[in-house]
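Here are some exercises to work through with the structure open beside you. Try each task before you read its solution.

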Amino acid sequence: MSIFFVYDAENAEYLLQPGSYAVMAVLLLLLLLSIRGRRGHKSQKKHKMKTQEMVFCAAAIGLATVTSFLKFVSLPFGGSVTLFSMLFISLIGYFYGAKTGLTAGLAYGILQLLLEPHFYAPLQVILDYPLAFGALGLSGFFNNQKKGLATGYVAGVAGRYLCHVISGYVFFAEYAPPEMNPLIYTLGYNLTYLLPEMVATVIVISIPAVRQAAARVRRQALGNIF
């Protein structure tokens, strides 16, 4: 296991080794390629649409990554209020469904781990990265509903919140103030950065012009120009 990570006793955390970066980079690539799927006997039109889907997903993940570094607030033990970064991953599920959304979310979680790793235990890293960000793809279960974008986005953020709460309660309870229940602490801590961004995003995507623009982009992403 030492080829993948090494324990830093001074900071009580694990540091990723070059082997880990290589493995996760390959996994990230495989996840993106899985969105495109196998060609098989698909028609040329369907093959083109799947290629377009993969390109859109890659672009959305790129935008999410860039905006994740545009932080209004950063918390000391992880978590930040960003410039709508979660929305771009939720859009993938809203456009292409839960399977593609969850896959893209997992890929984005791995990318976040590569860029900003906070690694204290194997289960913790799974909860806080692939599962938490993968949950943003839950938006895909609401993509055919009225107001599906807002509903799906909230569901995705709620899924991410749940993963962080479990991780916080299991692995970071020691950071809770002595007089506070660790579960209450982690529930509140994760709300302080996820809730403001969620509320701000829902307000923005509820604006009629923005909602219409999202619907137009969705039609284009699905190959329906008109």
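The chain has 8 helices and 4 strands, where helices (H or I, at least four residues) and strands (E, at least two) are DSSP runs numbered from the N terminus. This is a predicted model, in which local features need pLDDT of at least 70 and side-chain atom pairs count only at pLDDT 80 or more, while totals for chains, interfaces and linings use all residues. Residues are numbered from 1 along each chain as its sequence is written, and side-chain values use heavy atoms, with hydrogens and water left out.

**Exercise 1. The order of elements**

Write down the elements of the chain from the N terminus on.

*Solution.* Walking along from the N terminus, you should find β-β-α-α-β-β-α-α-α-α-α-α.

**Exercise 2. The core**

Find which residues touch the most other members of the largest nonpolar core, and which helix gives the most to this core.

*Solution.* Start with the term: a nonpolar core is a set of buried Ala, Val, Leu, Ile, Met, Phe, Trp, Tyr and Cys residues joined through side-chain atoms within 4.5 Å. Buried means under 20% relative accessible area, exposed over 50%, and partly exposed in between (1.4 Å probe, protein chains only).

Next, look at the members: among the 45 residues of the largest core, Ile-61, Ile-89, Ile-92, Leu-149 and Val-157 touch the most others. Elements that give two or more residues include α1 (18–36), α3 (85–96) and α7 (182–205). The most come from α3, with 8 residues.

Finally, zoom in on Val-157. Leaving aside neighbours within four places in sequence, Val-157 is in contact (heavy atoms within 4.5 Å) with Met-86, Leu-136, Leu-194 and Met-198.

**Exercise 3. Two packed helices**

Describe how α3 and α7 pack.

*Solution.* First, take the geometry: the angle is about 60° and the axes are 9 Å apart. Axes are lines fitted to C-alpha atoms, for helices over the stretch in contact, and angles run from 0 to 180 degrees between N-to-C directions.

Then classify: under 35 degrees is roughly parallel, over 145 roughly antiparallel, 65 to 115 roughly perpendicular and the rest oblique. The two helices α3 and α7 are therefore oblique to each other.

Last, list the partners: Ser-85, Met-86 and Leu-87 in α3 meet Leu-194, Glu-197, Thr-201 and Ile-205 in α7.

**Exercise 4. A threonine**

Is Thr-103 buried or exposed?

*Solution.* Locate Thr-103 in helix α4. Thr-103 counts as buried because its relative accessibility is 16%. Leaving aside neighbours within four places in sequence, Thr-103 is in contact with Leu-31, Ser-34 and Ile-35.
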